Amino acid sequence: MGPSQIATVTQMRLLRPRAKFLSLAEELLSYILTFLSCKDILRCSSVCKALRQTYLSSSELQYITELSGQQLLPAPGMDLDNNTSIYKRLQLLRDKAHAWFKLDIHSSKTVFIPEPFRRSTNTFVIDGHLCLFNEDQQLAKIFPILPKPSQQIVIEREWSSESLHSVPNAVCFDVIMDPEENLIAIAYVILGWPTDDDKIYIDLKVLDGDGAHPQAAGRTLFLSNTVFQGDILASNELEIAICGRYITFWHTRRSTVYDEPNEEMWWLQIWDWRHSTTSNCVISGPEGQDSSDFCFLGNDRLLTVSKDLRLYSIENLSQAPQLLACFLMPVSVTSIESLTPMNDDIAQNGGLQLHAQRTMWTSDPKNRLLGFVAQIQNDAPKSFTFIISTRIFLDLQVGRMATIPWECWGPLNSRIFPHDPQCNFDVCGNRVLHTFPATSGKDSSQDMGYKLHLMDFSPLAVERRQGLGKVVSEPSMIDIIESAEKLTTFLPYVVVEFDRRFGADQLMDIWFDDDRIYLPEPNPEDPDGDSVGQLEVIDI
């Protein structure tokens with residue numbers, strides 16, 4: 001064979017199709033692609049017509065990319081073998097996202113707060129239940145809020161002072177309930193009068209009975225001596241919270257040392273209540289800082305928010321938390337309010353609370369939002385709402401403790417909005433509900449009440465929801481008088497402004513989960529108090 005013939009044969013061999021992947025059956029191609037990430041699936045479907053057709057024909061591939069685009073994960077226990085098909089789940093997922101932007105804010109139902117919980121009552125919503133605790137009368141109650149036929153957990157019960165605790169000289173100061181865990185945590189103090197040697201304990205019981213919780217390490221959690229000592233009357237705040245595997249105790253008090261600044265100190269203790277009744281996992285606020293707030297980021301990290309944001313590792317509760325990083329704020333902050341990461345496995349510290357009901361999906365812990373109101377220190381104090389993506393805290397490479405300037409983490413991972421004192425907001429997953437002052441368009445100074453805005457920060461909302469809301473991709477700038485500079489943030493989102501107006505005295509707060517919006521309204525019988533009189537419920 002001559003050289004020309006060899007060249008011809010070689011060329012023919014090179015031209016012979018060698019890629020046999022596309023010759024596989026479409027079902028097999030689809031199955032192979034399910035092992036790829038969302039980005040790789042979309043990349044494959046964009047460079048090859050055959051793979052594009054495979055993607056469009058596969059509900060499972062579209063379901064994977066839809067979940068990732070909405071920054072969701074399948075809820076624990078919701079495997080693919082249950083009665084809901086992948087096609088049906090895909091449709092439900094898309095319909096739910098669209099339903100938020102088409103919400104009828106005028107259609108609602110009202111739940112009235114029963115007596116005697118219309119005054120001096122700590123009120124919160126969790127797993128479709130309203131939980132109430134009246135500290136003055138030492139009474140507690142839980143009942144379902146307009147339960148749906150599909151609601152799996154329905155608990156209704158009331159506790160008297162005798163059933164909350166039976167310890168002599170004890171006073172209950174906080175009660176938290178979790179229907180999903182069938183758990184009620186009761187915090188009480190045994191007064192040490194006349195020696196002022198007060199002792200605090202937290203009892204764990206079942207919600208639907210009178211005994212100790214069978215999964216708890218013990219009936220009672222014990223506080224560290226570094227968290228609380230002595231006189232309870234010297235304390236400003238004493239609060240507990242349940243967050244899945246964790247129970248927390250939050251304590252603040254003012255310094256009373258003569259000739260020292262009247263600084264507020266805080267302490268936080270964390271228990272893994274299923275494994276131990278004691279804990280060395282204690283964090284305290286450094287001197288010179290105002291009161292802080294905190295939230296869990298997944299199961300092994302904790303974030304405290306004050307003049308800066310401090311990220312801790314809490315993998316081992318038998319020892320003090322490890323400080324991983326300090327994220328600096330862009331300006332001097334005098335106070336923090338309303339830290340709101342409202343999810344079933346992210347806890348918050350506060351009196352008015354909400355935890356999401358169990359659903360088919362849950363937000364991705366690495367791609368959620370947290371929000372808080374920060375007051376800026378200057379001659380004319382102003383407040384701003386910070387909305388921050390949690391991915392910046394979970395993508396951090398663990399090593400030596402780092403101090404990270406705002407410019408290196410904040411602008412691309414956040415949005416900042418001016419905060420009116422009468423406004424409220426809440427965060428759930430990647431959505432934010434926020435009230436803003438309404439204006440007539442002609443005179444922005446005229447008081448026209450407040451309107452509710454929905455903001456969705458998920459990537460698919462920004463890419464696909466243009467017809468249902470306004471896409472905000474351009475940066476926003478806030479003027480900071482203190483430093484005479486503009487604070488610029490870039491996190492993109494889609495916003496819808498609902499047409500209903502609220503008066504300044506109509507709303508005490510905003511709570512929402514995947515299925516409902518809850519609007520607590522003040523008790524007209526207690527105009528000078530902060531008690532909830534009724535709850536307006538809006539279904540999605």
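This is a short tour of the structure in your viewer, one selection at a time. Keep in mind that you are looking at a predicted model.

**Stop 1: helix 2 and its two sides**

Select residues 26-33, which make up helix 2. Which residues of this helix are buried? They are Leu29, Ser30 and Leu33. Turn the view until you look down the axis of helix 2: the buried residues fall within an arc of 100°, so they line one face of the helix. Now colour Glu27 and Tyr31, two exposed residues carried on the face turned away from the buried side.

What do the buried residues of helix 2 pack against? Add helix 3 (38-47), helix 4 (49-57) and helix 5 (59-69) to your selection, and you have the packing partners.

While helix 3 is on screen, pick out Lys39, which lies in it. Lys39 counts as exposed, at 64% relative accessibility. Then click on Gly69: the C-alpha atoms of Lys39 and Gly69 are 9.6 Å apart in space, with their positions 30 residues apart in sequence.

**Stop 2: an open sheet of four strands**

Next, show strands 2, 35, 34 and 33. In that order they form an open sheet, and the pairing is antiparallel. The edges are strand 2 (109-112) and strand 33 (511-512), each of which pairs on one side only.

Zoom in on strand 2 and strand 35 (residues 532-539): they run antiparallel and are joined by four bridges. To see one such bridge, select Val111, whose partner in strand 35 is Leu535.

**Stop 3: a salt bridge beside the sheet's strands**

Stay with this sheet and select Asp515 in the loop between strand 33 and strand 34 (516-522). Asp515 forms a salt bridge with Lys96, and their closest N and O atoms are 3.0 Å apart. Lys96 belongs to helix 6 (residues 86-101), so the pair ties together parts that are 419 residues apart in sequence. Are the two residues buried or exposed? Asp515 is buried, with a relative accessible area of 17%, while Lys96 counts as partly exposed at 23%.

**Stop 4: more salt bridges**

How many salt bridges does the structure hold? There are 15, and two others are worth a visit here.

Select Glu158 and Lys141, whose side chains meet in a salt bridge at 3.4 Å, N to O. Glu158 lies in strand 6 (residues 157-159) and Lys141 in strand 5 (residues 139-144), so this pair ties together parts that are 17 residues apart in sequence. Glu158 is partly exposed, at 43% relative accessibility, whereas Lys141 is buried, at 13%.

Then move to Glu181 and Arg274, where the N to O distance in the salt bridge is 2.6 Å. This pair links distant parts of the chain, 93 residues apart: Glu181 is in the loop between strand 7 (170-178) and strand 8, and Arg274 is in the loop between strand 13 (264-272) and strand 14 (282-284). Glu181 is buried, with a relative accessible area of 16%, and Arg274 is partly exposed, with 29%. Before leaving, highlight Lys148, Arg516 and Asp539: salt bridges that share partners join them into one network.

**Stop 5: the nonpolar cores**

Now hide the charged side chains and look inside. The largest nonpolar core has 41 residues, and those with the most contacts inside it are Val175, Met177, Ile202, Leu204, Ile247 and Phe249. Which strand gives the most to this core? Select residues 183-190: this is strand 8, which contributes seven residues.

Centre the view on Phe249. Beyond its neighbours within four places in sequence, its contacts include Phe173, Ile200, Leu223, Leu238, Trp267 and Trp271. Another core, of 32 residues, lies apart from this one; among its members are Ala325, Leu396, Ile404 and Trp409.

**Stop 6: Ala325 and its strand**

Finish on Ala325, a member of that 32-residue core. Show strand 17 (residues 308-313) and strand 18 (residues 322-328), which pair in the antiparallel sense over six bridges. Ala325, in strand 18, is the bridge partner of Leu311. Then add strand 24 (residues 402-404), which pairs with strand 18 in the parallel sense over three bridges. In strand 24, the residue opposite Ala325 is Ala402.

Methods: Residues numbered from 1 in each chain as written. Predicted model: local features only at pLDDT ≥ 70, side-chain atom pairs only at ≥ 80, totals over all residues. Heavy atoms only, no water. Pairing = 2+ DSSP bridges. Buried < 20%, exposed > 50% of the residue type's maximum accessible area, 1.4 Å probe, protein only. Arc of directions from axis to C-beta. Contact = heavy atoms within 4.5 Å. Core = buried A, V, L, I, M, F, W, Y, C linked by side-chain atoms within 4.5 Å. Salt bridge = Lys/Arg side-chain N within 4 Å of Asp/Glu carboxyl O.
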